[in-house]
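Biologist: I'd like to go through this protein with you, and I'll keep asking how you know things. Could you bring up the sequence and the structure?

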Amino acid sequence: MITTQHISSNHNLFMEYTIKKEVFTMFTHIFNHAKAYIKGGKKYPNINGIVTFKETKNGVLVTAKVTNLPQSNNCIGKFFGFHIHEGTSCTGNANDEFANAKSHLNLTNCPHPFHIGDLPPLLENNGYAYMSVLINKFEIKNILGHVIIIHDSPDDFTSQPSGNSGTKIACGRIKK
Ligand SMILES: [Cu+2]
Ligand SMILES: [Zn+2]
C-alpha cells in the first residue's frame with residue numbers, strides 16, 4: 001500500500017538524484033571539454049571546421065572535422081600540417097596573417113615532433129578531413145586559450161622547429 005510518506009520519500013530521492021546528476025554534468029562540462037572553430041585565411045576563406053577536445057581517463061580525445069580544404073591538382077589525398085600553437089590570437093601581419101599564432105605549444109622543452117602541440121596531419125577527401133586521435137601529453141587546461149593551425153604542407157616530423165609545414169592557412173582559438 002502506498003502512503004503519503006512513501007511518495008514524499010521517493011520524491012526526495014528523485015530530487016537528490018536529479019541535483020547530483022546536474023552538478024556532475026556541470027563539472028564535466030566545465031573541466032573536461034573544449035572546442036575550436038576553424039576558419040580559413042585570405043587564400044582559402046571557405047575552410048571551415050571544428051575541433052573538439054574531450055578528457056578521458058586515457059588522455060584527451062581530439063576530433064577534427066574540416067571542410068573545403070584545397071585539393072591536389074594531380075593526385076588524390078593531400079596532407080596538412082596540424083598543430084596547437086602557443087599564441088592566443090588568430091591574427092598576424094601582411095607577410096603572415098596568422099603570425100601571432102607563434103611557435104608550436106611546447107611546455108616540456110622538447111624538440112619537434114615532441115611538442116605538446118604536435119598533432120597528426122589532416123588528410124583531405126574531396127576537401128573534407130575527419131580525424132580522431134587520443135593524446136595523453138596534455139590536459140585541456142594546458143591548451144585552453146591557445147590556437148590550432150592548419151598548414152598548406154604536410155609535417156615532415158623531422159625539420160626543426162616546426163616540421164617544414166609551410167604557410168598557415170586556417171586557424172581557430174581553443175575555448176570552453
Ligand atoms: Cu603549426
Ligand atoms: Zn612541433
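Biologist: Which residues touch the most other members of the largest nonpolar core?

Modeller: Keep in mind that this is a predicted model. The core has 32 residues, and Ile38, Val66, Ile148, Ile150 and Cys171 are the ones touching the most other members.

Biologist: What makes Cys171 a member of a nonpolar core?

Modeller: Cysteine is on the list of residue types that may belong, and a member also has to be buried and joined to others through C-beta atoms within 7 Å. Cys171 is counted in that core, so it passes those tests.

Biologist: Which strands supply at least two residues of this core?

Modeller: Those are β1 (33–40), β2 (48–56), β3 (59–67), β5, β8 and β9.

Biologist: Which residues does Cys171 touch, leaving out those up to four places away in sequence?

Modeller: Cys171 touches Ile38, Lys39, Cys90, Phe98, Ala101, Val147 and Ile149. Each of these counts as a contact because the two C-beta atoms lie within 7 Å.

Biologist: Let's turn to the sheet. What is the order of its strands?

Modeller: The order is β5-β8-β9-β1-β2-β3-β7, an open sheet of seven strands with antiparallel pairing.

Biologist: Why are β5 and β7 called edge strands?

Modeller: β5 and β7 (129–135) each pair on one side only, and that's what earns them the name. As for the angle, neighbouring strands of this sheet are turned by 20° against each other on average, ignoring direction.

Biologist: What holds paired strands together in general?

Modeller: Strands of a sheet pair through backbone hydrogen bonds, in a parallel or an antiparallel way.

Biologist: How do you know that β5 and β8 pair?

Modeller: Pairing takes at least two bridges. β5 and β8 (residues 147–151) have four, so they count as a pair, in the antiparallel sense. At one spot His83 stands opposite Ile149 in β8.

Biologist: How do you know that β8 and β9 pair?

Modeller: Same test: at least two bridges are needed. β8 and β9 (residues 168–175) have five, so they pass, again in the antiparallel sense. Here Val147 stands opposite Arg173 in β9.

Biologist: And β2 with β3: how many bridges do they share?

Modeller: They share nine, running antiparallel. Glu55 has Val60 in β3 as its bridge partner. β2 and β3 also form a hairpin, with two residues between them.

Biologist: What joins β3 to β7?

Modeller: Seven bridges, in the antiparallel sense. Leu61, for instance, has Leu134 in β7 as its bridge partner.

Biologist: Back to β5. Which of its residues lie on which side?

Modeller: In β5 (residues 82–85), Phe82 and Ile84 are on one side, with His83 and His85 on the other. These four are all buried, so each has 20 or more other C-beta atoms within 10 Å. That's how we know both faces of β5 are covered.

Biologist: Why is Asn126 called exposed?

Modeller: Asn126 has 9 other C-beta atoms within 10 Å. The cut-off for exposed is 12 or fewer, so Asn126 qualifies. Asn126 is found in the loop between β6 and β7, and its phi is positive, about 50°, although it isn't a glycine.

Biologist: Why is Asn68 called partly exposed?

Modeller: Asn68 has 16 other C-beta atoms within 10 Å. Exposed stops at 12 and buried starts at 20, so Asn68 lands in between. Asn68 is in the loop between β3 and β4 (79–80), and this non-glycine residue has a positive phi too, about 65°.

Biologist: What about Asn106: why is it called partly exposed?

Modeller: Asn106 has 18 other C-beta atoms within 10 Å, under the 20 needed for buried and over the 12 allowed for exposed, so it is partly exposed. Asn106 lies in the loop between β5 and β6. Beyond its neighbours within four places in sequence, Asn106 is in contact with Glu86, His115, Ile116 and Gly117.

Biologist: Where do you find cis peptide bonds?

Modeller: One joins His112 and Pro113, with omega about 5°, and Pro113 sits in the loop between β5 and β6 (122–123). Another joins Gln160 and Pro161, with omega about 0°, and Pro161 is in the loop between β8 and β9.

Technical notes
Residues numbered from 1 in each chain as written. Chains lettered and ligands numbered in written order. Predicted model: local features only at pLDDT ≥ 70, side-chain atom pairs only at ≥ 80, totals over all residues. Axes fitted to C-alpha atoms, helices over the stretch in contact; angles between N-to-C directions.
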